Amino acid sequence: MKEECLICKAPLEYLETDELMECAICHKKENSKTRCVKGHYVCNDCHTRGMDTIVGLCLAETSKNPIEIIQKMMQLPFCHMHGPEHHVMVGAALLTAYKNAGGEIDLPAALTEMMNRGKSVPGGACGFWGACGAGISSGMYVSIISKSTPLANEPFALSHQMTAKSLGEIGNIGGPRCCKRDSYLSILSAIDFTKEKFGVEMEKPDIVCDYSSKNNQCIGKRCPFFKSPLEL
């Protein structure tokens with residue numbers, strides 16, 4: 001087994017109902033369905049500690065390629081194979097590439113808003129909410145660039161259409177979850193959607209996943225980004 005629990009590396013288990021758990025790092029107590037088989041629980045805040053470093057990365061970035069940008073984030077120490085950090089990273093990479101491709105936004109303010117919104121989506125949303133946080137993050141991205149609110153007309157529609165498009169692609173592949181795969185699917189969906197609806201064209205690369213060997217639940221050839229060692 002590769003790394004699962006951040007404390008002891010043991011596999012994770014998902015409970016049917018919430019239980020009161022104490023974070024093994026900060027000792028905060030809260031309800032959750034997720035822990036490792038040895039009983040360790042790590043809260044979302046501790047799991048994503050250090051994630052604020054992506055703001056500096058994004059503000060210094062010149063790429064129009066959101067996949068390239070998120071892959072740089074994935075290499076930073078705060079990012080794990082799976083986790084709620086991806087719920088921020090997808091939207092942040094898209095906002096940055098959108099700005100660099102000519103989109104008119106206040107990027108520092110947009111990144112702050114993305115951080116606040118994305119961090120509100122907990123780990124495990126993909127399985128428990130029926131909506132992967134990476135897909136929701138792409139909808140947050142569209143909501144931010146279109147200035148959507150609950151009372152908006154077209155921006156309200158567009159942000160929902162974006163989330164639905166990403167979740168549709170994720171659902172077509174099926175489970176088990178992979179935060180890397182779902183992030184890539186959401187970003188590729190957003191690249192096409194942004195060009196069609198906003199007239200801003202970001203770069204869209206071919207993707208070969210480098211994380212298969214680190215994912216205990218990798219679905220192999222069922223993943224559109226998987227390449228076996230013999231194919232590389």
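What is the volume of the second largest pocket? It is about 220 Å³. Keep in mind on this tour that the model is predicted.

**Stop 1: the second largest pocket**

Select R117, I136, G139, M140, S143 and S148, then add T149, P150, F156, S159, H160 and T163. These residues line the second largest pocket. Now colour helix 7 and helix 8 (154-173): these are the elements that give two or more residues to this lining. By class, the lining of the second largest pocket holds four nonpolar residues, seven polar and one charged.

**Stop 2: the largest pocket**

Move on to the largest pocket, with a volume of about 1000 Å³. Its lining takes in 48 residues. To find the centre, select L12, Y14, T34, G123 and G124, which lie nearest to it.

Next, show the elements that each give two or more residues to the lining of the largest pocket:
- strand 1 (12-22) and strand 2 (29-36)
- helix 1 (44-47) and helix 4 (86-100)
- helix 6 (125-128), helix 7 (133-145) and helix 9 (179-198)

Which element gives the largest share of this lining? Highlight strand 2, which supplies seven residues. Colour the lining of the largest pocket by class and you get 21 nonpolar, 16 polar and eleven charged residues.

**Stop 3: helix 2 against helix 5**

Select residues 53-60 for helix 2 and residues 107-118 for helix 5. Their axes come within 10 Å and cross at roughly 150°. Angles over 145 degrees count as roughly antiparallel, so helix 2 is roughly antiparallel to helix 5. The crossing of the two helices is right-handed.

Now show side chains. On helix 2, pick I54, V55, C58 and L59. On helix 5, pick L107, P108, L111 and M115, which the helix 2 residues meet. What classes make up the contact of helix 2 with helix 5? The residues divide into eight nonpolar, no polar and no charged.

**Stop 4: the cavity**

How many cavities of 30 Å³ or more does the count give? The count comes to one. About 80 Å³ of space lies in the largest cavity.

To see what lines this cavity, select C178, K180, R181, Y184, C209 and S212. Add N215, C218, I219, C223, F225 and F226 to complete the lining. Colour the lining of the largest cavity by class: eight residues are nonpolar, two polar and two charged.

How values were computed:
Residues numbered from 1 in each chain as written. Predicted model: local features only at pLDDT ≥ 70, side-chain atom pairs only at ≥ 80, totals over all residues. Heavy atoms only, no water. 1 Å grid on protein atoms, 1.4 Å probe; cavity = no way out; pocket = protein on both sides within 12 Å on 5 of 7 lines; lining within 4 Å. Points joined across faces, edges and corners; volume = space filled by probe spheres on them. Helix = DSSP H or I, 4+ residues; strand = E, 2+ residues; numbered from the N terminus. Nonpolar A, V, L, I, M, F, W, Y, C, P; charged D, E, K, R; others polar. Axes fitted to C-alpha atoms, helices over the stretch in contact; angles between N-to-C directions. Parallel < 35°, antiparallel > 145°, perpendicular 65-115°, else oblique. Left-handed = near helix turned anticlockwise from the far one by under 90°. Contact = heavy atoms within 4.5 Å.
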